[in-house]
There are 2 protein chains.
Amino acid sequence: MTAPQSHPLDTVFAALADPTRRAILTMLLEDDMAVTDVAEPFAMSLAAISKHLAVLAEAGLITQEKRGRVKWCKLEPDALRAASVWMQGFGQFDPVDLDAFERFLEAELDAPDA
Amino acid sequence: MTAPQSHPLDTVFAALADPTRRAILTMLLEDDMAVTDVAEPFAMSLAAISKHLAVLAEAGLITQEKRGRVKWCKLEPDALRAASVWMQGFGQFDPVDLDAFERFLEAELDAPDA
DNA sequence: GGGATCGTCAACCGTTGGGTTGAATATGCC
DNA sequence: GGCATATTCAACCCAACGGTTGACGATCCC
């Protein structure tokens, strides 16, 4: 009854809860990438990365377009807007601190393994 | 080596991924609450809510203080700052849209069950 | 002391999540 | 056609999650 149907925020936050997936998003921030190239720096199978990408796509955080035999992954930052709005409603903190962001990126990229 | 030790963002995002927990945070936005009162609107056991609160506390999103036999739960919005910064780094979207936030709150409160 | 209230603990259960491996399906190239 | 590359599928494993119930430790109040 009243089908539970997961809220969009559920899938977005759940997708962001995994460090591998956050690292992937960070990588895609620089450029679109093929699945194989996304997988390269990680110490896990290609199939595992493929699943992670599916989760990110399901959440709308990336889109995937197949050109030839290569599937290109593209960041979709707009999907974060709803979640960002939700969170900011709690904090009313200072808008954007890009220095802090840089630090996070470095920390995550330094320990990307899993 | 380099003990995997989950990143703080892991726990924060994981905590936010559950609609019950987001609803709890929303309730706490209005006022501090006792565990029993937090549990009241939900169609699940007190023990379940107690666990949810533990998850939120673990993530630093709330603090709990026991006064007498009542344990008071208090929102800690600062814990969202790191996550917010991380997300905003992707979007560069408009800072705070409180209208949108209001809409989210209503949507979540209208279907708080589970 | 004794009863009610507040909250957690412990054990259990079914589902989901992240990972593996091996086979299968495209597609590109010669 | 035939082989290599790119990606997914399918089956499986184990750990974690979200929930339940019942017993338990505190605390308040009479």
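A polar contact, to begin with the term we need first, is a pair of N or O atoms within 3.5 Å, and within protein one of the two must be able to donate a hydrogen and the other to accept it, while residues adjacent in sequence count only if both atoms are side-chain atoms. With that in hand, we can look at B:Arg21, where a polar side-chain atom lies 3.1 Å from a phosphate oxygen of DNA strand D.

Before going on, a word on the basis of all this: what we have is a predicted model, in which local features need pLDDT of at least 70 and side-chain atom pairs count only at pLDDT 80 or more, while totals for chains, interfaces and linings use all residues. Residues are numbered from 1 along each chain as its sequence is written, chains are lettered from A and ligands numbered from 1 in the order in which they are written, and side-chain values use heavy atoms, with hydrogens and water left out.

Let me stay with DNA strand D. Which residues come closest to DNA strand D? There are 20 residues around the strand, and the closest are A:Thr36, A:Ser50, A:Lys71, B:Lys51 and B:His52, where being near a strand requires that one of the heavy atoms of the residue lies within 4 Å of it. Of the atoms of DNA strand D within 4 Å of the protein, 64% belong to sugar or phosphate, and the rest belong to bases. Besides B:Arg21, the backbone takes part as well: a polar backbone atom of A:Val35 is 3.4 Å from a phosphate oxygen of DNA strand D, and a backbone N or O atom of B:Arg69 lies 3.4 Å from a sugar or linking oxygen of DNA strand D. The elements that give two or more residues to this surface are α3 (35–39), α4 and β3 (70–75) of chain A, together with α4 of chain B; here helices (H or I, at least four residues) and strands (E, at least two) are DSSP runs, numbered from the N terminus.

Now to DNA strand C. Around DNA strand C there are again 20 residues, of which A:Arg21, A:Lys51, A:His52, B:Thr36 and B:Ser50 come nearest, and sugar and phosphate account for 67% of the atoms of DNA strand C that come within 4 Å of the protein. A polar side-chain atom of A:Arg21 lies 2.7 Å from a phosphate oxygen of DNA strand C, an N or O atom in the side chain of B:Ser50 is 2.2 Å from a phosphate oxygen of this strand, and a backbone N or O atom of B:Val35 lies 3.4 Å from a phosphate oxygen of DNA strand C. The elements giving two or more residues to the surface near DNA strand C are α4 (46–58) of chain A, together with α3 (35–39), α4 (46–58) and β3 (70–75) of chain B. Sorted by class, that surface has 8 nonpolar, 5 polar and 7 charged residues, where Ala, Val, Leu, Ile, Met, Phe, Trp, Tyr, Cys and Pro count as nonpolar, Asp, Glu, Lys and Arg as charged, and the others, Gly among them, as polar.

Let us turn to the aromatic rings. Rings of Phe, Tyr and Trp (its six-membered ring) pair if their centres lie within 6.5 Å, and planes under 30 degrees apart count as stacked, over 60 as edge-to-face and the rest as tilted. By this rule there are 3 aromatic pairs over all chains. One of them, A:Phe13 with A:Trp86, is edge-to-face, at 5.9 Å centre to centre and 70° between the planes, and this pair links helix α1 (residues 8–16) with helix α5 (residues 79–91) of chain A across 73 residues. Is A:Phe13 buried or exposed? A:Phe13 is buried, with a relative accessible area of 0%, since buried means under 20%, exposed over 50% and partly exposed in between (1.4 Å probe, protein chains only). The rings of A:Phe13 and B:Phe13 have centres 6.0 Å apart and planes at 25°, so this pair is stacked, and the pair crosses from helix α1 of chain A to helix α1 of chain B. Together, A:Phe13, A:Trp86, B:Phe13 and B:Trp86 form one aromatic cluster.

Finally, the salt bridges, each of which is a side-chain nitrogen of Lys or Arg within 4 Å of a carboxyl oxygen of Asp or Glu. The whole structure has 6 salt bridges over all chains. In one of them, B:Arg22 meets A:Asp10 at 2.6 Å, N to O, and because B:Arg22 lies in helix α2 of chain B and A:Asp10 in helix α1 of chain A, the pair joins two chains. Both B:Arg22 and A:Asp10 are buried, whereas A:Glu65, which forms a salt bridge with A:Arg67 at 3.1 Å, is partly exposed at 45% relative accessibility.
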